[in-house]
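Ready to practise reading a protein model step by step? Have a go at each exercise yourself, then check the worked solution below it.

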Amino acid sequence: MAGVDWTDSTVEVGGTKLHLKRAGKGRPIVVLHHETGTLDQLPFYDALAAHYDVLVPHHPGYSRSERPTWMRSVRDIAVIHRGLLSDLKIKDAALVGLGFGGWIAAEMASMAPADLSHLVLVGAMGIKPPQGDILDLAVTGYVDYARAGFHDQTVFDRVYGAEPSIDQLEMWDVCREMSFRIAWKPYMYSQTLPHLLGAVRAPALVVWGDDDRVVPQSAAKRYVEALPNAKLEIVKACGHCVDMEQPEALAKLVTSFIGRE
Amino acid sequence: MHLMYFTEQPMSAYPEQAGRDFGATALMFSNKHFDPVAGSRLYNDYIEQYMLAEEVGVDGIMLNEHHNAPFCMQAKANIFAAILAGMTKKVKIVMLGNPLPLAENPIRLAEELAMIDMISKGRLVSGFVRGGGQEQLATGVNPAFNRERFEEAHELVTRAWTQTGPFRFEGNHYQHRVVNPWAVPLQKPYPRVWIPGVISKETIIWAAQQRYPYIALNTSIEQTKKIWELYDSVAADVGYVGGPENRGYLIQVHVSDNEEKAIENARQFRWMQGEFTGLAHPVWSTPSGYGSPSARRAFVEFASGRAKNPRGETSFEQQMADLRIIAGTPKTVVAKLKRILEETRPGILALWGNDGRVSQADSLTCIKLIGQEVFPAIREIAKSLDLKSPFEANAPVHLKYSTDLKPRKAAAAE
């Protein structure tokens, strides 16, 4: 996928500055990244940019976006991202939420159900799993936590390096701090979100790795029940970070779900 | 000079091998290894120690609290403070301290402390701490707001103690529409507040800004001197001269009637595998957002095993040589403490006398020798060095009650 031309910009949304990466042409797709932040380039982003106008905003307080100290909830991030789309005059975007970003995507969908073409949730946090618990960042080391997102550890080594850099560790700590500030209690889910998804009529695709050790698969079922028009896809031999572990498989699922123009 | 006895109240009956096998002795180390029969015996042993400490003439008993770990059995310092308030007659009950950020309702804390102060007839010293990282996780409190919660809870507690109710408090982390506790402290304007700490510069600066004595916890002589340098400089900025009445020091000192036994027992100060608070994952002790942002890079290097502990790891022998652990008969102990007093000039001194698996008989001997031989000698030395405690110096409880302030800029203009 070499040759995808990404632009970097800083966009101010009602006083909150966001780092935005954007590439490709076609219908708009917003990709919402994990609580571990995002690497600058990922094959999954490139694969989508071959077909769509892809926007990857760095969440406030994560990766290259500065931390707004006033933020207190994940819904605050969703509102800012909704503001971003409004400022950019993007209507009817498809939302692709990865893990923690899936929670943000679900909140965004619930806020403006009419302004949404498709919703894709991949190993999404945000709902209390009926069985099992979401892996706790606070008691898990940086590398152990990041590795828990992968079924195949050699893929982790390829993505982050067998020994992630000190810069990467520092970034994980910055991201962690932001997650604590906005999602400490209840940890990584909303008690109201499942009840707010009933109005989301847009087609939804819920994707889960069959070996997700971060968000138990039971949460997938709960999402499918809560969303009126949702279907479930399980990716085999894959961990929580489907986007990094099986980028082509996920891109294929997304493009066949959303369709190409 | 104010002289205190301290013990961490070790849960010495836990199976050490289980901790080594698990690889940690804190936070996630299962409480299936806690034996309440031994716990009951030990709590009562500690009460016996405190009663003896009062009998042999210590000025204060220092209390603290920790959670989910064998190194300290006090899960709530106010429980022991309440016991001592009723059982003792003379000693100051010195809490170092209540972890303010852990309080979901600081008014309840203010009420408990007011009750302790009244029941003890005004013998409470109400120290406050941030609580370690693991304490936040053990109690489900957000570590990223630790310092903000500390400062806000402090404001609410001291206002609940001093401001006539009912009033309303609308903070960032605490909102109370009716503040009107029917329990207020006996001591006026409020019980003395001392602030213990280990490394955070921010805490030293904050304590100096409030004019609260800072209690350095087992730091080396050089570290202690640096702490007082910083404290005194902030004191000068806000307009007072830092002195012994602002300085406290806690040190591990085991006293016995023979040198060999003293040293053998002092090895128990390293009983948690050499780690002060036991073995733990670094991200438990310093969760993200708990530490200074300036220390982030050094911390992640340490936490991922790429660098050594920035706090350093030293052997028992080295700690003895550095005078961070002192052991011996009263005579040798006093000589070593004298050097610390001369070099760092504290007005408050706490001896952490017993730890780990030191027997109750040896613990009681230690306390007796501290009270009857070490402290009388220290009092004489303190007198000759003019080391006055906050009580002797009649120091203001807080900066705002000062009558002698000369802020640096104003002084320079004179």
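**Exercise 1. Find what covers the buried residues of helix 2 of chain A.**

Step 1: The cover includes strand 1 (7-13), strand 2 (16-23), strand 3 (28-32), strand 4 (53-57), helix 3 (100-111) and helix 6 of chain A. Covering here goes by contact, where two residues have C-beta atoms, placed from the backbone, within 7 Å. Helices (H or I, at least four residues) and strands (E, at least two) are DSSP runs, numbered from the N terminus.

A quick note on the ground rules: this is a predicted model, where local features need pLDDT of at least 70, side-chain atom pairs count only at pLDDT 80 or more, and totals for chains, interfaces and linings use all residues. Residues are numbered from 1 along each chain as its sequence is written, while chains are lettered from A and ligands numbered from 1 in the order in which they are written.

Step 2: Now for the residues being covered. Val74(A), Arg75(A), Ile77(A), Ala78(A), Ile80(A), His81(A), Leu84(A) and Leu85(A) are the buried ones in helix 2 of chain A. A residue is buried if 20 or more other C-beta atoms lie within 10 Å of its own, exposed if 12 or fewer, and partly exposed in between, with C-beta atoms placed from the backbone.

Step 3: Check the length. Helix 2 of chain A (residues 74-87) has 14 residues, and at 1.5 Å a residue it should span 20 Å; the C-alpha atoms at its ends are 20 Å apart, which agrees. The expected span is 1.5 Å times one less than the number of residues.

Step 4: Look just past the helix. Lys89(A) has a positive phi of about 55° there.

**Exercise 2. Work out whether helix 6 of chain A is enclosed or open.**

Step 1: Count the buried residues. They make up 14 of the 18 in helix 6 of chain A, so this helix is largely enclosed by the rest of the structure.

Step 2: Test its length too. The 18 residues (166-183) should span 26 Å at 1.5 Å a residue, and the end C-alpha atoms of helix 6 of chain A are 25 Å apart, which agrees.

**Exercise 3. Place Pro203(A) in its surroundings.**

Step 1: Pro203(A) sits in the loop between helix 7 (193-196) and strand 7 (204-209) of chain A.

Step 2: Pro203(A) has 18 C-beta neighbours inside 10 Å, so it counts as partly exposed.

Step 3: Leaving out residues up to four places away in sequence, Pro203(A) touches His118(A) and Asn229(A). Its C-alpha atom is also 6.4 Å from that of Leu119(A), although the two are 84 residues apart along the chain.

**Exercise 4. Describe how helix 3 and helix 4 of chain B pack.**

Step 1: The axes of helix 3 (residues 77-87) and helix 4 (residues 106-119) of chain B come within 8 Å and cross at roughly 20°. Axes are lines fitted to C-alpha atoms, for helices over the stretch in contact, and angles run from 0 to 180 degrees between N-to-C directions.

Step 2: Helix 3 and helix 4 of chain B are therefore roughly parallel to each other. Angles under 35 degrees count as roughly parallel, over 145 as roughly antiparallel, 65 to 115 as roughly perpendicular and the rest as oblique.

Step 3: Name the residues that meet. Helix 3 of chain B brings Asn78(B), Ala81(B), Ala82(B), Ala85(B) and Gly86(B), and helix 4 of chain B brings Glu112(B), Ile116(B) and Ile119(B).

Step 4: Sort the residues of this contact by class: 5 nonpolar, 2 polar and 1 charged. Ala, Val, Leu, Ile, Met, Phe, Trp, Tyr, Cys and Pro count as nonpolar, Asp, Glu, Lys and Arg as charged, and the others, Gly among them, as polar.

**Exercise 5. Track down some unusual backbone spots in chain B.**

Step 1: Start with the background. Most residues other than glycine have a negative phi, and most peptide bonds are trans.

Step 2: Look for cis bonds. One joins Leu96(B) and Gly97(B), with omega about -10°, and Gly97(B) is in strand 3 (residues 92-99) of chain B. Another runs from Gly165(B) to Pro166(B), with omega near -5°.

Step 3: Look for positive phi. Arg345(B) has a phi near 50° and is partly exposed, with 18 other C-beta atoms within 10 Å. Asp386(B) has a phi of about 60° and is exposed, with 12 other C-beta atoms within 10 Å.
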